[in-house]
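Trainee: Could you walk me through this one before I head back to the bench?
Mentor: Gladly; let us look at it together.

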Amino acid sequence: MNDAEIANLRSLMEYEAGRTEPPIGFPRLPTVPGGRYTSDQFYQLEREHLWRRAWLLAGHLDEVPAPGSFRVWDLAGPPVLITHAQDGEIRAFHNVCRHRGAPVALDKSGNKSRLTCAYHGWSYNLDGELVAIRNAEDFRDFDYAAHGLAGIRCERFGKLIFINFDEGAPALLDWLGPIAAEWAEFQFDRCRLAARHVFDLECNWKIALEANIEVYHIRTIHPKSVAPMMDDRRNVNTLYPNGHGRMVAPGRADSAVKAAVDLPRGGNIIETVGEIARTCTQSYNIFPNWVSPLNHRALAPLLMWPNGAGKCRLETWTLAPDWGDKPRPDMWTENDGERLNPVLLEDVEMGERIQESLSSPGFKGASLSYQEARIYHWHQMADRLIGIEHIPEALRVEQVIGEEWIYPNDPRRGAGLRTVQVAGA
Ligand code: FES
Ligand SMILES: [Fe+2]
């Protein structure tokens with residue numbers, strides 16, 4: 001983040017703290033229908049379209065570190081085989097044998113030069129090519145090339161491995177847009193995978209997600225944990241293309257955040273991380289299911305995966321610079337991944353109660369404030385990706401946040417700030 005961007009963010013923080021209404025021109029946000037969190041119909045629409053068309057964070061290079069390494073990943077539906085092939089490329093395939101559909105890899109992970117189907121022994125290399133079959137003489141005019149494993153789009157951002165089930169999807173870097181350049185300081189190409197755990201939750205995946213993309217709940221759900229440290233009234237939301245978003249909220253002057261930030265440079269930190277991530281909560285939501293607080297000590301993605309209309313899986317990751325002989329850092333869990341950290345527990349316990357009450361006929365839909373704009377922005381993108389025409393009217397959101405609010409546009413920015421305030425006076 002350069003000096004001009006930092007200065008702009010600092011000025012936006014003061015703007016947010018001083019405003020007495022939403023910014024001039026920011027739309028009233030219509031109700032988000034409750035059925036989006038409870039109905040099987042919307043859950044199926046997400047499965048058929050949203051999860052098939054978005055880039056999904058599926059793995060880390062440290063999990064397939066050498067040629068021959070493979071791993072099976074199944075958090076977004078069909079099981080995916082991720083391989084590190086002999087040529088050094090990371091590839092992804094459907095974990096389905098082209099003979100009669102048995103899983104090609106039965107183990108969750110391993111290292112082999114060939115994967116041999118346990119049913120009738122067809123063998124594939126880690127490029128997905130079919131290289132041997134038993135009793136080849138019994139097949140007439142057999143075409144090996146036509147029976148390779150079915151590939152899936154797979155691209156990397158640093159050491160992060162993303163997959164996309166849609167052949168026609170944009171490139172990963174285009175999907176991330178301006179965030180890709182903004183993330184250079186965090187060294188996703190160097191940080192190691194320190195921890196990755198999965199927790200089953202009894203709520204829709206979007207309830208778990210949305211608790212992490214607004215700060216309106218901080219004083220009520222986290223009065224003793226987060227609220228004393230975060231200056232929520234100075235939080236600045238930024239809306240990015242493709243449904244992504246960012247929050248930047250400064251630490252309170254007397255808080256532990258500042259104490260941590262004031263530690264001398266050096267040691268086990270990401271040296272290139274700038275002033276904002278060191279002194280503020282700088283967190284990104286990457287559509288559809290990734291929320292990531294980033295700072296100089298750790299990068300800590302949280303991911304929410306669907307598991308039914310009223311259930312989900314919460315995945316917690318910690319990426320960190322080389323920790324040498326010290327214990328592996330783990331931002332989100334205690335007791336070696338068995339128990340969530342207290343802040344996440346506060347969100348999760350409320351999320352499961354919310355899932356129960358959302359099903360009540362008394363709930364007509366969510367009424368969002370300007371502070372919760374990232375949530376609405378996310379829903380607009382969800383509908384566009386699902387295809388608005390596929391969604392029954394009662395389950396749609398209106399597309400009311402226009403391009404003028406999407407980065408790099410922002411009527412609050414720079415010189416425009418003063419104009420906006422004068423116009424509202
Ligand atoms: S199903 Fe794989 S070899 Fe037959
Ligand atoms: Fe929270």
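**The metal site and the cores**

Trainee: Which atoms coordinate the iron ion (ligand 2)?
Mentor: In this predicted model, the iron ion (ligand 2) is coordinated by NE2 of His217, NE2 of His222 and two OD atoms of Asp347, at 2.1 to 2.4 Å.

Trainee: And what sort of geometry does the site have?
Mentor: The site is irregular, with angles of 58 to 147° among its 4 donor atoms.

Trainee: How are the donor residues spaced in sequence?
Mentor: They follow the pattern H-x4-H-x124-D. His222 sits in the loop between α7 (218–221) and β12 (236–239), while Asp347 belongs to helix α10 (residues 342–358), so this pair ties together parts that are 125 residues apart in sequence.

Trainee: Are His222 and Asp347 buried or exposed?
Mentor: Both of them are buried.

Trainee: Switching topic, which residues touch the most other members of the largest nonpolar core?
Mentor: That core has 94 residues, and the ones touching the most other members are Trp73, Ile163, Trp175, Trp183 and Phe188. Helix α11 (residues 373–386) gives the most to the core, with 8 residues.

Trainee: Where does that core lie relative to the domains?
Mentor: Domain 1 (3–54 + 181–424) and domain 2 (56–161) both give residues to the core, so it lies between them.

Trainee: What is Ile163 in contact with?
Mentor: Leaving aside neighbours within four places in sequence, the contacts of Ile163 include Trp55, Leu56, Trp73, Val80, Ile152 and Cys154.

Trainee: What other core lies apart from that one?
Mentor: There is another core of 17 residues, among them Cys97, Val104, Cys117 and Leu149.

Note on methods:
Residues are numbered from 1 along each chain as its sequence is written. Chains are lettered from A and ligands numbered from 1 in the order in which they are written. This is a predicted model: local features need pLDDT of at least 70, side-chain atom pairs count only at pLDDT 80 or more; totals for chains, interfaces and linings use all residues. Side-chain values use heavy atoms; hydrogens and water are left out. Donors are N, O and S atoms within 2.8 Å of the metal (3.2 Å for Na, K and Ca); water is not among the atoms, so sites may look incomplete. Four donors count as tetrahedral if all angles lie between 85 and 135 degrees; four count as square planar and six as octahedral if opposite donors are over 155 degrees apart and all others between 65 and 115; anything else is irregular. Helices (H or I, at least four residues) and strands (E, at least two) are DSSP runs, numbered from the N terminus. Buried means under 20% relative accessible area, exposed over 50%, partly exposed in between (1.4 Å probe, protein chains only). A nonpolar core is a set of buried Ala, Val, Leu, Ile, Met, Phe, Trp, Tyr and Cys residues joined through side-chain atoms within 4.5 Å. Domain bounds come from an automatic or database domain assignment. Contact means heavy atoms within 4.5 Å.
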